[in-house]
Amino acid sequence: PALAIEPHPARVSDADRADRIADPGFGRIFTDHMASAVWNTEQGWHDARITPRVPLQIDPATSVLHYAQEIFEGMKAYRTADGAMALFRPQENARRFNASARRMAMPEIPEALFLEAVRQVVATDADWFPGVPGGALYIRPFMFSSDVRLGVRPASEYRFLVIVSPVGNYFRGDPTAIKLWVSRNYVRAAPGGTGEAKCGGNYAGSLVAQAEAIERGCDQVVYLDAIERKWVEELGGMNLFFVMDDGTLVTPPLGGTILPGITRDSLITIARDEGLTVREERYGIDQWRADAASGRLVESFACGTAAVVTPVGEVRDGDSVFTIGSGGPGQLTQRLRQRLVDIQYGRAPDRHNWVESI
Ligand code: PLP
Ligand code: COI
């Protein structure tokens with residue numbers, strides 16, 4: 001279903017655009033257009049279109065501003081070796097978006113509409129692709145309740161939008177390995193909560209812990225389970241993997257409190273394709289520290305759309321610190337990262353049909 005396109009009266013000039021994408025950072029600049037659609041109880045999804053990217057006008061009583069009924073996705077358009085652009089497993093983002101919608105009592109969106117909105121807005125703003133190393137168009141589909149009403153109940157109107165941000169590296173200064181802060185004061189998600197949904201509230205609740213991490217000189221928070229405060233779950237915006245000295249990979253199992261990362265799933269597949277053993281099993285913070293000290297654990301890395309695959313160099317837990325391996329990027333981490341980006345950039349065979357050119 002093609003979306004209606006509203007012509008843009010005044011796109012950013014070529015010179016201005018070139019200037020903005022020269023050093024994009026992450027999520028700081030945005031393209032000219034957006035996709036949008038509306039859902040209400042009478043008409044379902046309707047009014048899908050590509051329009052100039054403009055500020056939204058919303059009433060102060062709009063329900064999302066009060067009760068945070070909001071979900072989002074994060075995905076990237078990559079430049080492939082043949083000069084075209086491609087999405088990576090976009091259908092998985094559409095599915096996860098609808099899983100988040102169900103958890104937040106929001107209407108599901110037809111996958112075809114989600115995917116077409118993404119493809120069309122990216123195609124429309126293709127000239128915003130940043131030429132920097134690791135550059136991509138970061139795509140942010142999201143949906144929020146737009147009822148003007150303070151009653152606490154599912155809304156009768158929702159808005160779906162897709163905006164696009166030219167991005168470089170997620171971590172400022174492109175660190176070779178990141179430092180993690182173990183959150184002892186705050187948990188991210190509890191069983192039965194919203195941990196496996198990609199809803200804005202999960203991120204709002206993580207900011208105070210992230211501020212603590214920054215204060216202690218770390219880049220990201222590592223969260224422990226809410227019940228025993230013992231099992232390593234994930235980071236504020238990334239999943240985690242552990243590499244053992246026998247080449248085995250361990251990653252925490254999905255169980256409702258962890259975001260089912262598409263990068264996580266892809267890396268499990270890539271590793272198994274290579275003949276590596278991957279175990280989805282619980283791994284304790286004390287075990288992590290002990291294994292890092294004894295050398296049984298040799299590498300750890302974070303992964304996600306924004307972070308790709310990022311080595312973990314150090315873990316700070318209160319006043320104690322432990323180092324992973326040499327504190328820098330590990331060999332297997334680098335190899336898996338390379339395998340993944342080679343597929344994303346169309347440089348390696350796409351055995352699982354993950355890459356969809358635009
Ligand atoms: N965990 C959290 C909390 C995230 O925000 C993200 C990023 O989307 C991920 C994990 C990784 O998910 P994905 O690989 O699908 O980007
Ligand atoms: C993503 O990787 O897409 C995320 O949503 C993570 C966020 C920290 C930007």
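Which residues touch the most other members of the largest nonpolar core? Here are some notes on that and on other parts of the structure; please keep in mind that this is a predicted model.

1. **The nonpolar core.** The largest nonpolar core holds 87 residues, and those touching the most other members are A117, V121, I139, L180, V222 and A302. Strand β7 supplies the largest share of this core, with six residues. As general background, nonpolar side chains tend to be buried together in soluble globular proteins.

2. **L180, one of the core residues.** If you set aside neighbours within four places in sequence, L180 is in contact with C218, Q220, V222, L235, V312, V315 and R316. One of these partners, V222, is also listed with L180 among the core residues that touch the most other members.

3. **Strand β7 and its partners.** Strand β7 covers residues 136-145 and runs antiparallel to β5, with three bridges joining the two. It also runs antiparallel to β8, and here 10 bridges join the strands. I139 is a handy residue to look at: M75 stands opposite I139, and I139 in turn stands opposite V164 in β8.

4. **Strand β8.** Of the 11 residues of β8 (residues 157-167), eight are buried, so the strand is largely enclosed by the rest of the structure. Besides its pairing with β7, strand β8 pairs with β2 (residues 33-40) in the antiparallel sense, over six bridges. Within that pairing, A37 has F160 as its bridge partner in β8.

5. **Strand β5 and its hairpin.** Is β5 enclosed or open? Four of the five residues in β5 (residues 75-79) are buried, so this strand, too, is largely enclosed by the rest of the structure. Three bridges join β5 to β6 (residues 85-88), and the two run antiparallel; Y78 has A86 as its bridge partner in β6. The hairpin of β5 and β6 has five residues between the strands, and there G83 takes a positive phi near 90°.

6. **K198.** An unreviewed UniProt entry annotates K198 as "modified residue: N6-(pyridoxal phosphate)lysine". In the model, K198 lies in the loop between β9 (178-182) and α5 (200-204). K198 has 23 other C-beta atoms within 10 Å, so it counts as buried. Leaving aside neighbours within four places in sequence, its contacts are I71, F72, E73, R96, S100 and L259.

7. **Around ligand 1.** The shell here consists of G74, E234, G237, M238, N239, L259, G261, I262, T263, R264, G304 and T305. By type, these divide into three nonpolar, seven polar and two charged residues. Helix α7 (residues 262-273) gives the most to this shell, with three residues. L259, listed in the shell, is also one of the contacts of K198.

8. **Around ligand 2.** The residues in this shell are G74, G237, G304, T305 and A306. One is nonpolar, four are polar and none is charged. G74, G237, G304 and T305 appear in the shells of both ligands.

9. **R89.** R89 sits in the loop between β6 and α3 (90-103). With 19 other C-beta atoms within 10 Å, R89 is partly exposed, because a residue needs 20 or more to count as buried. Not counting residues up to four places away in sequence, R89 touches I262, S266 and W354. One of these, I262, also belongs to the shell around ligand 1. The C-alpha atoms of R89 and Y223 are separated by 27 Å, and the two residues are 134 apart along the chain.

10. **R11.** This residue lies in the loop between β1 (4-5) and α1 (14-21). R11 counts as partly exposed, with 15 C-beta neighbours inside 10 Å. Its C-alpha atom and that of G25, 14 residues along the chain, are separated by 21 Å.

11. **Two positive phi values outside glycine.** R229 is not a glycine, yet it has a positive phi of about 55°. R229 is placed in the loop between β10 (220-224) and β11 (232-235) and counts as exposed, with 12 C-beta neighbours inside 10 Å. V308 also has a positive phi, near 55°, in a residue other than glycine. V308, however, lies in strand β16 (residues 308-317), and with 20 C-beta neighbours inside 10 Å it counts as buried.

Key: Residues numbered from 1 in each chain as written. Chains lettered and ligands numbered in written order. Predicted model: local features only at pLDDT ≥ 70, side-chain atom pairs only at ≥ 80, totals over all residues. Near = placed C-beta within 6 Å. Nonpolar A, V, L, I, M, F, W, Y, C, P; charged D, E, K, R; others polar. Pairing = 2+ DSSP bridges. UniProt positions renumbered as here; feature names shortened; annotations may be inferred. Contact = placed C-beta atoms within 7 Å. Core = buried A, V, L, I, M, F, W, Y, C linked by C-beta atoms within 7 Å.
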